[in-house]
Amino acid sequence: MMVEENKSLIEQYSELEQSLKKAKEEIEYYKNIAVETGRIRLREIDQLSRLITERKKAEEALREGEELLRATVESTADGILVVDEKGQVTHTNKRFSQMWQIPVELIRTREDKKLLDFVLGQLKKPEVFLSKVQALYKTSDEDFDLLDFKDGRVFERFSSPLIRDGQIAGRVWSFRDITDRKQAERALRESEGKFRFLAEKMVDIVWTIDRNFQTTYVSPSIENVLGFTPEERKRQPLEEMITPESLQKVQIMFLEELQRDEEDTVDPDRSITIEVEYCRKDGSTVWMENIVKAIRGPGGAVVGMHGVSRDISERKQSEEALRDSEERYRSLFKNNHSVMLLIDPESADIVDANPAAISYYGWSLEELTAKKITDINILTKEQVFQEMEQAKSEKRRHFIFRHRLSNGDIRDVEVYSGPIKLHGQKLLYSIIYDITDRIQAEEALKWELAVNTSLSKLYKPLISHDSTIEDITNTILDEAMHLTGSKHGYVSSVDPNTGENVGHTLTEMLNGQCTVTETKTRIAFPIGKDGLYGRLWGHALNTREAFIANKPAEHPAARGLPKGHIPLERFLTVPVTLDIELVGQIALANKNEDYTEHDLNAIRRLADYYALAIQRMRAEEGLQKAHDELEGRVEERTADLIKINERLKKEIVTRKQVEAALQESGEKYRQLFDTVSDAIMLFDVATKEFIDVNGICQSMYGYSKDEFLSLRHSSITAEPEESEQSIKQVLSGEISRIPLRYHKRKDGTIFPVEISSGTFKLGDRRILCGVVRDITERKQTEEALRKKRKELSQKAKHLEKVNTALEVLLEHLEEEKKKLEENILINLKKFIFPYIEKLEAGGIGPKNKTYLDIIKTNFNKVIFPFAKNQLAGYLDLTPTEIHVADLIREGKTHKDIALLSNVSPHAVLFHMKNIRKKLGLSHKKINLRTYLQSLTR
């Protein structure tokens with residue numbers, strides 16, 4: 001077509017020469033014009049020939065690109081199906097047949113209907129899938145959908161029309177297996193729920209994100225800190241949440257942590273602390289410290305992250321102030337109420353300290369700056385330097401240490417530390433907060449829990465009629481040593497007849513370490529003639545006061561140790577009393593560290609329970625003794641009825657007193673029975689009927705106490721046969737703890753339990769006592785963890801790598817295509833457009849200008865197929881309209897354009913109207929020149 005157009009141009013120039021010959025005065029002038037024009041045409045033809053050659057090369061490159069693209073499609077992880085407008089399959093890749101499990105013979109038929117019939121049987125909702133497919137074949141719309149399979153698989157389906165020469169020539173279907181991703185998302189949602197309640201009550205912002213940095217959960221506190229609602233946050237991409245500098249920092253951190261995951265020595269449960277500048281809703285920014293941990297799927301792969309963000313604006317402002325101005329730093333450093341230190345990370349010298357630090361540590365500024373941080377921090381020097389290296393490299397900024405004050409006190413501190421450059425010296429700037437009270441409060445809670453747990457373990461020996469004094473004292477000693485960490489100890493009782501302090505337990509003291517006694521059962525500490533007990537242990541009994549001796553040899557009551565006694569490094573003792581009567585003693589020794597008031601208080605509470613046990617045993621012994629005496633008297637003195645009756649009356653009075661004491665003791669045991677944290681149930685071994693339950697038991701099973709007492713044991717178990725077998729094993733003494741059974745509540749709910757049990761006698765009945773703990777939450781956690789480990793596999797990693805490679809390859813092909821088109825445009829403009837400009841500048845006549853416009857029009861036709869891909873917004877314009885639009889962009893008026901184009905101004909206005917219409921600017925107050933300049937070429 002270009003050759004024909006060039007021939008037409010030559011004929012037009014010939015006609016021009018004939019016209020010029022008629023004007024004699026211009027013959028020579030127009031002859032020169034014709035010669036020069038002919039030369040231009042020849043050069044133009046030569047350039048066009050070269051352009052055609054280059055275009056053929058470009059087409060060959062495109063064909064090679066298509067082959068590469070076809071190979072890429074064949075190797076992609078997605079299943080591809082191409083169907084023409086007649087319903088015939090034109091192309092499928094191997095992945096498509098694998099995903100849909102389609103036989104090779106069926107693929108070879110290339111009939112879309114047969115393939116459709118085959119796959120419908122695999123879907124949960126085939127009728128919905130079929131109706132949507134039929135509807136899509138009638139439209140040119142793109143469509144995205146999810147397909148659920150009967151076997152649990154989930155596919156993403158994407159469908160788009162196949163366009164050829166502007167007409168729909170079929171459809172392309174793409175399928176991606178996202179089963180693993182869906183399971184990972186489910187795992188992520190389950191993990192979110194576990195801490196959602198706590199997160200919503202916190203002042204800090206708690207959040208979770210997936211691997212694409214999309215927010216999946218954020219606590220309501222975000223609205224108070226950043227101004228966004230949780231719903232608004234979930235719609236924001238990461239780029240809108242934080243500043244560009246922080247975005248780069250977060251992305252680098254994430255990539256580094258993914259690389260660290262490949263190392264075997266890295267802790268998968270590690271946390272990362274990172275400071276990020278967040279954007280508020282009002283446009284301001286705020287610095288926040290983020291403690292981030294990975295959310296992992298069952299195979300250990302990272303499926304997301306969860307974290308806690310805390311506003312550190314005040315701290316950041318302090319740090320920024322220090323960096324911006326040393327003068328402002330000095331004012332802030334000296335006047336701040338927070339404890340601040342400047343430390344040389346190379347030598348560990350304390351370079352400077354603010355007044356708050358001087359007041360806190362108790363040393364003067366001269367004394368403090370003469371020390372090293374290793375003199376204050378109780379870690380070893382090597383450990384301190386390791387931690388300083390972390391702060392120096394900004395890998396960590398938050399630390400928990402223990403610091404020594406001038407008075408010798410050791411305090412727990414929270415340290416925020418980072419590098420600062422001052423007077424050309426690189427230092428560590430540390431802000432220190434005393435958290436001793438907070439840690440002590442946490443320790444107090446742990447201590448209270450440990451004590452309550454130990455007390456709950458005492459119920460069995462305390463309430464069992466079969467328990468001996470040795471059983472009770474052994475249990476109490478075990479718990480006392482466990483609570484305090486003591487190595488040795490004993491629990492004794494005072495003989496009410498002789499006053500001897502009888503030690504029933506000796507722990508390791510009798511295991512070859514102590515040779516005070518030859519007997520291997522017990523030690524009896526005698527009372528002196530003056531009614532007092534001797535040595536350090538006797539001091540507590542004499543004064544009825546508990547005490548601690550962390551340096552026993554220096555105690556006023558110390559009298560040395562008997563020969564063969566174990567060394568006594570530390571000592572704690574608590575006398576056991578009933579009202580004012582001394583009934584026993586708990587003594588402990590040789591804890592690895594000093595005994596504390598916590599230890600003393602814990603043993604006091606054990607002593608109260610021990611006193612109750614002694615009271616119960618005395619009451620039972622009194623009853624038994626009274627019973628034995630009554631039987632003996634009936635047998636021996638049946639003749640003396642009057643005396644027997646009198647004695648019986650006395651015995652009855654005594655028995656009532658004992659029963660009253662027993663009742664009082666029983667009330668104390670009832671209080672213990674009702675205050676433990678586990679469910680306790682008592683039932684008759686013979687009848688399997690419940691005789692008592694505590695409040696926790698009623699809440700756990702949903703029955704009232706009256707309802708419980710009308711039930712049998714089979715009413716609450718979901719495993720009758722297994723439970724019956726376990727009861728037999730408990731009764732025979734084979735087991736005392738059942739790690740897992742399934743019980744059922746009143747509403748029919750089945751739940752797992754852990755049971756500890758034992759038996760005792762109540763009159764002539766044998767009673768089974770069971771302590772039941774609901775372990776539903778623990779089992780759910782174990783099951784969730786087990787499922788997570790199964791769900792994800794190494795396929796996820798491989799799929800990500802393949803998809804990444806494919807995306808990079810496709811981007812490379814698209815870039816190559818654009819570069820080729822740009823080169824063609826550049827060559828056309830380089831070899832043709834300069835000559836047209838020379839002709840325009842040569843001062844030619846009106847007719848020659850008309851021919852020149854024809855050349856420019858043909859030039860626009862040549863470059864239009866390539867230019868339309870490069871000129872955004874010009875796709876629907878004709879070549880003439882593109883020419884007019886370019887002149888408008890250059891600032892020409894419609895009159896200038898009419899003069900340059902040798903057309904009427906009315907014609908230019910007509911083209912301008914069409915341009916505004918095709919660009920969607922009709923009836924809009926938008927300047928056409930400004931809009932055209934905004935379009936990207």
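Biologist: In this predicted model, why is the pair Asp-692 and Lys-705 called a salt bridge?

Modeller: The closest N and O atoms of Asp-692 and Lys-705 are 3.2 Å apart. The cut-off is a side-chain nitrogen of Lys or Arg within 4 Å of a carboxyl oxygen of Asp or Glu, so the pair counts as a salt bridge.

Biologist: What makes this pair a tie between parts of the chain?

Modeller: Asp-692 lies in strand S23 (residues 690–693) and Lys-705 lies in helix H25 (residues 705–709), so the salt bridge ties together parts that are 13 residues apart in sequence.

Biologist: How do you know whether Asp-692 is buried or exposed?

Modeller: Asp-692 has 9% relative accessibility. Buried means under 20%, so Asp-692 counts as buried.

Biologist: And why is Lys-705 called partly exposed?

Modeller: Lys-705 stands at 31% relative accessibility. Partly exposed covers values between 20% and 50%, so Lys-705 belongs there.

Biologist: What makes Glu-754 and Arg-737 a salt bridge?

Modeller: Their closest N and O atoms are 2.5 Å apart. That is within 4 Å, therefore the pair qualifies. Glu-754 is in strand S25 (residues 750–762) and Arg-737 in strand S24 (residues 737–744), and the pair links distant parts of the chain, 17 residues apart.

Biologist: How do you know which class of accessibility fits Glu-754 and which fits Arg-737?

Modeller: Glu-754 has a relative accessible area of 13%, which is under 20%, so Glu-754 is buried. Arg-737 has 45%, which lies between 20% and 50%, so Arg-737 is partly exposed.

Biologist: What about Asp-261 and Arg-270?

Modeller: Their side chains meet in a salt bridge, at 3.1 Å from N to O. Arg-270, at 14%, is under the 20% cut-off and therefore buried. Asp-261, at 26%, is above that cut-off but not over 50%, so Asp-261 is partly exposed. Both residues belong to a network of salt bridges that also links Glu-257, Arg-260 and Arg-296. The structure holds 27 salt bridges.

Biologist: Turning to the nonpolar core, which residues have the most contacts inside the largest one?

Modeller: That core has 29 residues, and those with the most contacts inside it include Leu-572, Val-574, Ile-603 and Tyr-610. Helix H18 (436–456), helix H20 (469–484), strands S20 (571–578) and S21 (581–589), and helix H22 (597–636) each supply at least two of its residues. H22 gives the most, with 10 residues.

Biologist: Which residues does Ile-603 touch, leaving aside its neighbours within four places in sequence?

Modeller: Ile-603 is in contact with Ala-480, Thr-484, Leu-572, Val-574, Ile-586 and Leu-588.

Notes. Residues numbered from 1 in each chain as written. Predicted model: local features only at pLDDT ≥ 70, side-chain atom pairs only at ≥ 80, totals over all residues. Heavy atoms only, no water. Core = buried A, V, L, I, M, F, W, Y, C linked by side-chain atoms within 4.5 Å. Buried < 20%, exposed > 50% of the residue type's maximum accessible area, 1.4 Å probe, protein only. Helix = DSSP H or I, 4+ residues; strand = E, 2+ residues; numbered from the N terminus. Contact = heavy atoms within 4.5 Å.
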